[in-house]
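Biologist: I am still learning to read protein models, and I would like to look closely at a single part of this one. Please choose a residue whose surroundings can be followed step by step, and then tell me what else lies elsewhere in the chain.

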Amino acid sequence: MIRIVNGNGRSQHPQAIDEMFRLRKRVFHDFLKWDVKTEGDWEIDHYDKANPLYVMSYSPETGKIRGSLRLLPTLGPNMLDDTFPILLGDNPEIRSASVWESSRFCIDPEISQDRASNQVTVAAAELMCGVGEMGLASGISHIVTVTDVFLERMFRRMGCPGERIADPHRIGSVYAVAIAWEVSRTLLDTMKAVAAIEGTVLEQPMSLETARAA
């Protein structure tokens, strides 16, 4: 199940927000050793002050959070244009009402290390399908993201390879790359088929605009 919380509504969902920021710290700071800002048990940065949408996947069996990502419109502050423009190559900044950015994509490390199950694919696909469903409801054209080449391979296995915007660059300890996905019914159906997901993944069907204004 996918739950959506907007940044301005964080105080109304304190448990969900706490679990998500704690998960981000476990993944990006503790597990991946990225150079990220932390506040106590949270990983949080200035983009979290820009009223993002938080997309969170929960296990239907345990009710625990198993993955999350953050969405921001590219007309405002976003990581690709403002923090990692080197990943655009010779391309201009992406500032468009029809393009949103996904960032801080993460899966619970306990799940990602369980090689005997398919939970990683299901949790990851659920997150991406939630973005796809909202994207289609909003009429946007693309989702862009900054990721590393390891996750890029995982996206390919999930049936959503996307298109590289430019060549990868080494940033810190990883080779990072900017990817764009066209928002389409075909892509959404492919991801659901790969992960054996039926029906909507959203707790409540909504568009990006209504979610951000809620």
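Modeller: A strand here is a DSSP run of at least two residues marked E, and strands are numbered from the N terminus. With that in mind, the residue I would choose in this predicted model is E43, which sits in strand β3, a strand made up of residues 42-43. Is E43 buried or exposed? E43 has a relative accessible area of 0%, and since a residue is called buried when this value is under 20%, E43 is therefore buried.

The next step is to ask which residues surround E43 once its neighbours within four places in sequence are left aside. The residues in contact with E43 are then F21, R24, K25, F28, V36, K37, T38 and R104. Among these partners, two stand out for their side chains: a polar contact of 2.7 Å joins the side chains of E43 and R24, and another, of 3.0 Å, joins those of E43 and R104. A distance in space can also be set beside a distance in sequence, for E43 and V27 are 16 residues apart along the chain, while their C-alpha atoms are 9.2 Å apart.

Several of these names lead to helix α1, which covers residues 14-31. This helix has 18 residues, and from its first C-alpha to its last it reaches 24 Å, close to the 26 Å expected at 1.5 Å a residue. The buried residues of α1 are A16, I17, M20, F21, L23, R24, K25, V27 and F28, a list in which you will recognise R24, the partner of E43 in the 2.7 Å polar contact. When you look at such a list, it helps to remember that an α-helix has 3.6 residues a turn, so residues three or four places apart point the same way.

K25 deserves a separate look, as this residue of helix α1 also touches E43. Beyond residues up to four places away in sequence, K25 touches D30, T38, G40, D41, W42 and E43, and T38 is also in contact with E43. K25 counts as buried because its relative accessible area is 13%, which is under the 20% cut-off. Just after α1, the backbone at K33 takes a positive phi of about 65°.

On the other side of the 3.0 Å polar contact with E43 we find R104, which belongs to strand β6, residues 99-107. R104 has a relative accessibility of 12% and so counts as buried. The backbone of R104 is also worth a glance, since its phi is near 55°, a positive value in a residue other than glycine. A phi near 55° is found at N51 as well, which lies in the loop between β3 and β4, the latter being residues 53-58. N51 is buried too, with a relative accessible area of 13%.

Let us now turn to another region. The structure holds one cavity of 30 Å³ or more, and the largest cavity has a volume of about 120 Å³. As a way to picture how such a space is found, rolling a probe the size of a water molecule over the atoms shows where empty space is left. The lining of the largest cavity consists of M128, V131, G132, I143, C160, W181, E182, V183, S184, L187, L188 and M191, and by class these are nine nonpolar, two polar and one charged residues. At least two lining residues come from each of α4 (119-138), β10 (174-182) and α6 (185-195).

Helix α4 also holds T121, which is partly exposed because its relative accessible area is 22%, a value that lies between the cut-offs of 20% and 50%. T121 touches M158 and A195, not counting residues up to four places away in sequence, and the C-alpha atoms of T121 and R157 are separated by 8.4 Å although these residues are 36 places apart along the chain. Finally, the loop between α6 and α7 (208-213) contains G199, a residue that is partly exposed at 47% relative accessible area and that is in contact with E133 and K192 once its neighbours within four places in sequence are left aside.

Conventions. Residues are numbered from 1 along each chain as its sequence is written. This is a predicted model: local features need pLDDT of at least 70, side-chain atom pairs count only at pLDDT 80 or more; totals for chains, interfaces and linings use all residues. Side-chain values use heavy atoms; hydrogens and water are left out. Helices (H or I, at least four residues) and strands (E, at least two) are DSSP runs, numbered from the N terminus. Buried means under 20% relative accessible area, exposed over 50%, partly exposed in between (1.4 Å probe, protein chains only). Contact means heavy atoms within 4.5 Å. A polar contact is a pair of N or O atoms within 3.5 Å; within protein, one must be able to donate a hydrogen and the other to accept it, and residues adjacent in sequence count only if both atoms are side-chain atoms. On a 1 Å grid over the protein atoms alone, a cavity is a set of points where a 1.4 Å probe fits but cannot get out, and a pocket is an open set with protein on both sides within 12 Å along at least five of seven lines; lining residues have an atom within 4 Å of a point. Grid points are joined across faces, edges and corners, and a volume is the space filled by probe spheres set on the points. Ala, Val, Leu, Ile, Met, Phe, Trp, Tyr, Cys and Pro count as nonpolar, Asp, Glu, Lys and Arg as charged, and the others, Gly among them, as polar. The expected span of a helix is 1.5 Å times one less than its number of residues.
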